[in-house]
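Got the viewer open and a cartoon view ready? Let's walk through this one stop by stop, selecting as we go.

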Amino acid sequence: MDRLHEPGRTPSSSNSAGRRILLVRHGESTANVAAAAAENAGLEVIDVQASDPNVQLSELGRRQTAAAATALRAQLGAGSLSRDRVWSSPYLRAVETARIAMGTGSDLTAPPIGGDSFLVDERLRDRELGILDTLTSRGVDVRFPQEAARRRWLGKFYYRPPGGESWADVALRVRSFLRDIEWWGSAPLVIFTHDALVSLFTYVLLRLDEAELMRFLADRVVPNASITSFTSDAEGLWHLDAFGDAGHVQAAGVPTTEHTGTDDDGS
């Protein structure tokens, strides 16, 4: 249950052993904070001040990300990563996380993404919620009761909100991204992304089915600024080394947060 052939590749003992993928969830965002406040207050709508692609990190999120940067340096060693080994979601909160973690700063007036020490790929963006975007759980139940019932009927993995994506849709993005990655040597792949993407990379890399993924996630979360890591063996099979590890945030004396979002898939 914890292994699979690398997607789209033929396993090879000569070049597959020791490959690593590190998935970093972005630090706490301002939308995470607003969503938690709205849920706690029993409101229907989350008071977000920017569209999903433009949501920034909170101050706490920046501190969490600084702790993640220290952990990444410890894991990756002193050598620098080449630009095409580091990828980010294009969403601002992930880009800010990547900039801080890779030592390029978080100044929004900095040069365009193309000038950073990492690449962006739209397939790494967060799951799109369509008409349910900015609604709390209560907001969905009150404003779209038929959608709430349809989600319960279809289940979390296959439910697609109007104008949005299902988890299965996002899994296709993950598979496409992995097939496009060119591997060489033992240089790790570092990806800055979102809660749902971390879960679905796990689903694809460990070759789980829907029921196995739901059981796996039943007692696990992906904290902000956490690191999830995988290593491949000589047969090209992936093994999970750590899932949602935020020990580095705690060790730095920074509060950890586990914002999971209205649909339990994060943001």
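How many bridges join E1 to E5, and do they run parallel or antiparallel? Select both strands, E1 at 20-25 and E5 at 227-232, and trace them: five bridges join the pair, and the two strands run antiparallel. For one rung of that ladder, pick Val24, whose bridge partner in E5 is Ile227. Before we go further, keep in mind that you are looking at a predicted model.

**Stop 1: the whole sheet**

Now color all the strands. The protein has nine helices and six strands, and six strands make up an open sheet in the order E3-E2-E4-E1-E5-E6, with mixed pairing. Go to the edges next: E3 (119-120) and E6 (238-245) each have a single partner strand, so one side of each has no neighbour in the sheet. As background, strands of a sheet pair through backbone hydrogen bonds, either parallel or antiparallel.

**Stop 2: a helix across the strands**

Select H3, residues 92-101. This helix lies across E1, E2 (86-88), E3 and E4. Line up your view with E4 and you'll find H3 running at about 140° to that strand.

**Stop 3: helix H2**

Next, select residues 59-76, which is helix H2. Try a distance between the C-alpha atoms at its ends: they are 26 Å apart. That agrees with expectation, because 18 residues at 1.5 Å a residue should span 26 Å.

Show the side chains, and look for the buried ones, including Leu60, Gln64, Thr65 and Leu72. Several alanines are buried too, among them Ala67, Ala68 and Ala69. What do the buried residues of H2 pack against? Their neighbours are strands E1, E4 (189-193) and E5, along with helices H3 and H9 (247-251). Just past the helix, click on Gly77, where phi is positive, near 80°.

**Stop 4: helix H7, wrapped up**

Move on to residues 195-205, helix H7. Is this helix largely enclosed or left open? Eleven of its eleven residues are buried, so H7 is largely enclosed by the rest of the structure. Even Asp195, Ser199 and Thr202 are on the buried list. Turn on the surroundings to see what does the covering: E1, H6, E4, H8, E5 and E6 are included. After H7 comes Arg207, with a positive phi near 55°.

**Stop 5: the nonpolar cores**

Stay in this area and select Ile21, Leu200 and Phe201. In the largest nonpolar core, which has 33 residues, these three touch the most other members. At least two residues of this core come from each of E1, H6, E4, H7, H8 (210-218) and E6. In general, nonpolar side chains tend to be buried together in soluble globular proteins.

Zoom in on Ile21 and show what surrounds it: its contacts include Leu178, Trp183, Ile191, Leu205, Phe230 and Trp238. Another core, of 13 residues, lies apart from the largest one; to find it, select Ala71, Val95, Ala101 and Phe192, which are among its members.

**Stop 6: charged pairs**

Time for salt bridges; the count comes to 14. Begin in helix H5 (residues 145-154), where Glu147 and Arg150 sit three residues apart, about one turn of the helix. Their closest N and O atoms are 2.9 Å apart. Glu147 is buried, at 14% relative accessible area, while Arg150 is partly exposed, at 31%.

Then select Arg125, Glu128, Glu165 and Arg173 together: they are linked in a network of salt bridges. Glu128 meets Arg125 at 2.9 Å, N to O, and Arg173 meets Glu165 at 2.7 Å. Which of these are buried? Arg173 and Glu165 both are, and Arg125 is buried as well, at 17%. Glu128 counts as partly exposed, at 30%.

Finish on Arg173, which belongs to helix H6 (residues 167-180). This arginine has 8% relative accessibility and so counts as buried, the cut-off being under 20%. Its contacts include Glu122, Arg123, Leu124, Asp126, Arg127 and Leu197.

**Last look: zoom out**

Pull back to see the full chain. Of the protein's 267 residues, 51% count as buried. Among contacts between residues at least 6 apart in sequence, 77% join residues at least 24 apart.

Conventions
Residues numbered from 1 in each chain as written. Predicted model: local features only at pLDDT ≥ 70, side-chain atom pairs only at ≥ 80, totals over all residues. Heavy atoms only, no water. Helix = DSSP H or I, 4+ residues; strand = E, 2+ residues; numbered from the N terminus. Expected span 1.5 Å × (residues − 1). Buried < 20%, exposed > 50% of the residue type's maximum accessible area, 1.4 Å probe, protein only. Contact = heavy atoms within 4.5 Å. Pairing = 2+ DSSP bridges. Axes fitted to C-alpha atoms, helices over the stretch in contact; angles between N-to-C directions. Salt bridge = Lys/Arg side-chain N within 4 Å of Asp/Glu carboxyl O. Core = buried A, V, L, I, M, F, W, Y, C linked by side-chain atoms within 4.5 Å. Lists of a residue's contacts leave out its neighbours within four places in sequence.
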